[in-house]
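Here is a model to read together. Please keep it open beside the dialogue.

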Amino acid sequence: MEFLDHFGAVFTWSSMLILCAGTIGGLLLGATPGLSPTMAVALLIPFTFHMDPAQGLMLLGAAYTSTVAGGAVSAILLNIPGAPANIATALDGNVMARKGAGARALQICFISSAIGGVLGILVLIFLTPVLASWALKFGPSHLFWVAILGVTIIGTLDSKSVVKGLLAGCLGLWIAMIGSDSVQGVERFIFTEELEGGVHIIAALIGLFAIPQVIEMLAGGRHDPNRSVFEVRRASVWRSAMETISKVRALIIGGVVGTVVGLIPGAGGQIAGLVAYDQSRRFSKNSAKYGTGESEGVVAAESANNAMVGPSLVPLLTLSVPGSPTAAVLLGGLLIHGIFPGPDLFQKHAAVAFSFINSMLIGQILMLVFGLAIAGLAAKVIEVKPPILAGAILVLAVFGSYSVQNSMADVAIMLVLGIGMYFLAQYGFSPAPLVLGIILGPIAEHNYVQGRIIGEAQDGIAAYFLTGWLNVLLIAFVVLSLGYSIAGEIRAKRKDRADSAGAVA
Amino acid sequence: MKKFLIAAAALSVALPAGYAAAADYPDKPVSLTVAYSPGGATDFQARIVTMVAANKGLLGQPIVILNRPGAGGKVGWNHFASRASTDGYQMAAYNVPHFIAQSIKFKTKYNIDNLEPIANWGADPAVLVVNKKSKFNSVKDLAAWAKDNPGKVTVSGAGLFVGHHIAFLQIQKALGVKLRYVPHKGGAPALKSVLGGQVIAGVNNLSDSYRSRGNLKILGIADLQRDKQFLPDVPTFKEQGYAVDDSSVNFRGIMVRKGTPQAVIDKLAAIMPKMFANKRVAKQMRNGGSPIRIMDRAAVQKMWAERQKFLTGLLKGL
């Protein structure tokens, strides 16, 4: 309970001011497509040069927590996930917003974010010593199976049919191969200089989600007869809170999945939201409603990707090993103040370490307060006339993809992928499985190649990938997940046949 | 209009290069391209060493960091060597041996002949590490075991043709045994696989290994002398009887494109070492566990040429 003793440092005027600034700044940065939490934290580090260590880290902690949640704002309102973590949020959240329930979607999103986030940080505070060594156990073979587990949900994710989902996933896996591969440095599918660095996930994300919408809005014109106009309804915070809390199952699945995925170094929080969304749908009574504006989907996705924040810092704080790109950037922020994370961090720099953790806890609350405050106003975005909105989205898309690596090549890649996606969407393909392919491809490939080298040096490749309880457990999950999808497909086919037979009779 | 353009072009050729530039250079902020992502060691150090650039007596103008990551640095350096301006307002950070090794191994647009070094700020030697629980206590232990178990020793490092890989090749040659290199996506994941017990040993940065020394055993430094500041007790490979020199040391510094006016290069080469030696810079670098090694332009030119020769030989036939 030592962290309670250090709350005093957080509740001073100057600290609260920094926390508020970090939270508001983080929400704004997070809501801007292309500015991922990793980048937001990296951009803020130079500001901490001149602060004292505790306050500098408070700024970074608050900004980290709120950018993760901020990414949901653009996902819900504009259907552009601010970061890969928010893809699953867009699936139902954006449909809700289009139906005029944007304010409710945002409120639910911020409330479940805060619940998941607080849970994750409590795990960080209480279970760090236990979990740190466990997190390190994940080697190439285990990460390979985690990636394959992700691949198994591609088929059922937001698609008209499993086949189309898998096809889109394969396309994503191929796109991920472009560029020099990360292990051997071999150059693949580089036809122009622009593709030399490969396809950056953020550029792809923005292009695939934003551009088809822009084209559709512009094609619809000023007076689109097909455009359904919904009134933006006001939503009561109280009712949204009750609604969120009533989705106990989605909250638990989100919290657990987020915590576990966050702990695994290398898997990254990118897939936490999607895995939680998929699992929650499988266990839900309303699984058919997922994808049509079901708030349960938003709850699962957002509680998961915020629950990931705390545990993702476990390997960093105790072993000085950053488990995620954002943790790597935070390591820089710690080092610059002469704080070396490691087993003795909590003895040597207790005040700084606990202020950092406490600031993330308070950051969650502040994020909730500010998030709820803007929800009603932000939801009005949907009332903006389509041509104007299309222009604004296009500006954000170009700015967002350029800012990732200061490169016009990314803008070109974003536009090409986006235009391609527009045509694919006409045939019932969806961007979510495609993006999942782009994320999982390199993780699976990279870890397979590494595992092969290590396996050859030990008892053989098969033994390396197939033995050991953690491998077997993960393989069992893969088989279960596949079996579930196949069973679901067969059930749907039978129902179809029964329905059509009934119609004939 | 056309006539005017021709005249302007003729005039710009006729004027001696740097005539106008050097006198009041720099009169606007200068950019520094970093070929790695924000938060990485190179980016982190570049931001520290340039933070006092705007001070009086130094550049008098701030230096802005531009990250252009991708393909192990190739994207940023290719862009720099082919597109950057040659007026001294666009500089880049170099990593030796990375960029030299890449220019030998791959078709790159950069090589030591079309770039001009300004000054070096840091040097991070590679070290050989094993897990704290490992049975190996010295390079000799590891070499003996590797001799009995050929091909069984896995060694992690950050990617191919970077400092870690060069050090690995040198160590393998010096030990006279077959080791297996496992490339990772950067130094941090490579260190993680040593800490997690996925590989038997690892080649990593001195600075990162120093921070994790509680969970590691550091067996040897691939440099000419011990590191007095951080690891005074760790012997070099040479001391342990293995012929591994400092060719894999990761040098970081600032360069500009060839064609930059000599007057501008001279001015930068005079100012940059002073900037790196600034007290605040030194303190922040020390806090971050980043070893400083300031070298002037002439010393860097010599070092580049030596590395070029050494790496061409080492990488031949690989």
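A learner and a teacher now go through some features in turn.

Q: What kind of model is this, and how are residues and chains labelled?

A: It is a predicted model: local features need pLDDT of at least 70, side-chain atom pairs count only at pLDDT 80 or more, and totals for chains, interfaces and linings use all residues. Residues are numbered from 1 along each chain as its sequence is written, while chains are lettered from A and ligands numbered from 1 in the order in which they are written.

Q: In what order do the strands of the 5-strand sheet in chain B run?

A: Begin with the terms. Helices (H or I, at least four residues) and strands (E, at least two) are DSSP runs, numbered from the N terminus. Two strands pair if DSSP finds at least two bridges between them. Here the open sheet has the order E7-E6-E8-E5-E9, with mixed pairing. E7 (180–184) and E9 (216–222) of chain B stand at the edges with a single partner strand each, so one side of each has no neighbour in the sheet.

Q: Which way do E6 and E8 of chain B run, and how many bridges join them?

A: E6 (residues 154–158) and E8 (residues 201–205) of chain B run parallel, joined by 2 bridges. Ser156(B) has Gly202(B) in E8(B) as its bridge partner.

Q: Which strands does helix H7 of chain B lie across?

A: Two definitions apply. Residues are in contact if their C-beta atoms, placed from the backbone, lie within 7 Å. Axes are lines fitted to C-alpha atoms, for helices over the stretch in contact, and angles run from 0 to 180 degrees between N-to-C directions. Helix H7 (residues 163–175) of chain B lies across E5 (126–131), E6, E7, E8 and E9 of chain B, at about 150° to E6(B).

Q: How far apart are the ends of helix H6 of chain A?

A: Compare the span with the expected one: 1.5 Å times one less than the number of residues. H6 (residues 87–136) of chain A has 50 residues, but its end C-alpha atoms are only 27 Å apart, short of the 74 Å of a straight helix. A kink of about 135° is centred on Gly100(A). That bend is the angle between axes fitted to the seven residues ending there and the seven starting there.

Q: How many residues of H6(A) are buried?

A: Buried means 20 or more other C-beta atoms within 10 Å of a residue's own; 12 or fewer is exposed, and in between is partly exposed, with C-beta atoms placed from the backbone. In H6(A), 38 of the 50 residues are buried, so the helix is largely enclosed by the rest of the structure.

Q: How does helix H11 of chain A span and pack, and what covers its buried residues?

A: H11 (residues 248–263) of chain A has 16 residues and reaches 23 Å, close to the expected 22 Å. Of those 16 residues, 12 are buried. The cover includes H6, H12 (272–282), H13 (295–307) and H14 (314–319) of chain A.

Q: Where are the cis peptide bonds at Pro26(B) and Pro97(B)?

A: Check omega. The bond joining Tyr25(B) and Pro26(B) is cis, with omega about -10°. Pro26(B) is in the loop between H2 (21–24) and E1 (30–34) of chain B. The bond joining Val96(B) and Pro97(B) is cis, with omega about 10°. Pro97(B) is in the loop between E3 and H5 (98–105) of chain B.

Q: Is Phe161(B) buried or exposed?

A: Phe161(B) counts as buried, with 24 C-beta neighbours inside 10 Å. Its phi is positive, near 60°, though it is a residue other than glycine.

Definitions and conventions:
Two residues are in contact if their C-beta atoms, placed from the backbone, lie within 7 Å.
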